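Open the model in your viewer and set it to a cartoon with side chains you can switch on. We will go from stop to stop, selecting as we go.

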Amino acid sequence: MRNDYKLLIFDWDGTLADSIGRIVEAMHVASQRSGFDLCEDLAVKGIIGLGLPEAIRTLYPQISDAELVAFRQHYADHYIALEAEPSPLFDGVVESLAAFRDQGYHLAVATGKARRGLDRVLKSHGWEDYFDITRAADETASKPHPLMLEQILAHCAVRPEQALMVGDSSFDLQMARNAGVPSVAVSYGAQSIDALRVFEPQLAIDHFSQLRTWLGRQV
């Protein structure tokens with residue numbers, strides 16, 4: 001493995017799962033039900049990756065604590081309804097993750113989702129025990145703080161330079177930089193690839209399977 005990579009860490013929304021459109025819709029619905037002006041789609045996409053409270057406060061800095069509680073519930077109600085049929089995984093994800101496991105990589109998820117939401121989507125794919133470790137935003141510090149990655153590295157007994165963080169948002173790549181972990185940017189998620197290149201990822205990919213191809217060449 002290139003530079004002795006041992007651990008692959010994946011964001012969920014926009015990296016493994018094609019769920020960005022649903023997140024944007026749920027945020028708009030929650031805004032309407034809470035009596036706030038709608039934000040532009042681009043603004044909502046710009047906060048995907050943060051924990052939900054941090055994301056809402058970024059979009060609506062004036063929101064009170066009580067309003068935040070209600071807003072979160074409106075968001076959750078609508079998003080869960082949309083997820084009655086789980087967001088599909090991107091093409092190449094299932095095959096590539098299986099190949100990575102067969103090749104001996106540790107696999108992990110680092111997401112802005114809450115634990116309850118992450119457990120729900122993992123169960124929908126039969127992946128409750130698929131990853132070595134998963135970390136959700138409500139059980140650790142929100143991205144881009146490095147704590148989430150530091151916990152994953154400690155669990156897997158892997159040094160930062162032996163891991164790769166794969167994500168679609170600036171928060172993913174900034175978190176990786178803050179933790180000293182190399183990163184891979186995906187162009188098909190929440191944010192533009194130009195915004196992600198600022199963080200100097202090792203690789204930028206347009207299709208998930210390109211990660212598998214690239215890792216296969218780095219021997």
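The tour below goes from open space to enclosed space, then along two helices and on to a strand and the cysteines.

**Before you click**

This is a predicted model, in which local features need pLDDT of at least 70, side-chain atom pairs count only at pLDDT 80 or more, and totals for chains, interfaces and linings use all residues. Residues are numbered from 1 along each chain as its sequence is written, and side-chain values use heavy atoms, with hydrogens and water left out.

**Stop 1: the largest pocket**

Rolling a probe the size of a water molecule over the atoms shows where empty space is left. On a 1 Å grid over the protein atoms alone, a pocket is an open set of points with protein on both sides within 12 Å along at least five of seven lines, while a cavity is a set where a 1.4 Å probe fits but cannot get out; lining residues have an atom within 4 Å of a point. Grid points are joined across faces, edges and corners, and a volume is the space filled by probe spheres set on the points.

Select Leu-52, Tyr-75, Ala-76, Lys-113 and Ala-114: of the 30 residues lining the largest pocket, these are the closest to its centre. The space here comes to about 690 Å³. Now colour helix 1 (20-34), helix 3 (52-59), helix 4 (65-82) and helix 6 (115-124), each of which supplies at least two lining residues. Helices (H or I, at least four residues) and strands (E, at least two) are DSSP runs, numbered from the N terminus. Which helix gives the most to this lining? Helix 4 does, with seven residues.

**Stop 2: the cavity**

There is one cavity of 30 Å³ or more, and its volume is about 40 Å³. To find the lining, select residues including Trp-12, Asp-13, Tyr-79, Glu-83, Lys-113, Val-121 and His-125.

**Stop 3: helix 6**

Show the side chains of helix 6. Arg-115, Gly-117, Leu-118, Val-121 and Leu-122 are its buried residues (buried means under 20% relative accessible area, exposed over 50%, partly exposed in between, with a 1.4 Å probe and protein chains only). Look down the axis: the buried residues fall within an arc of 165°, so they line one face of the helix. That arc is taken from the directions from the helix axis to the C-beta atoms. The face turned away carries exposed Arg-116 and Lys-123. The buried residues of helix 6 pack against strand 2 (106-110) and strand 3 (133-135), where contact means heavy atoms within 4.5 Å. After the helix comes Gly-126, with a positive phi near 70°.

**Stop 4: helix 8**

Is helix 8 (residues 170-179) mostly covered or mostly open? Mostly covered: seven of its 10 residues are buried, among them Phe-171, Leu-173 and Met-175. Add helix 7 (147-156), strand 4 (163-167) and helix 9 (193-197) to see part of what covers them. Gly-180, just after helix 8, has a positive phi of about 75°.

**Stop 5: Ser-183**

Pick Ser-183 in strand 5. Ser-183 is buried, with a relative accessible area of 4%. Beyond residues up to four places away in sequence, Ser-183 touches Leu-164, Met-165, Leu-173, Ala-176, Pro-201, Gln-202 and Leu-203.

**Last stop: cysteines**

Select Cys-39, buried at 18% relative accessible area, and Cys-156, buried at 9%. With a disulfide taken as a pair of cysteine sulfur atoms within 2.5 Å, the count is zero.
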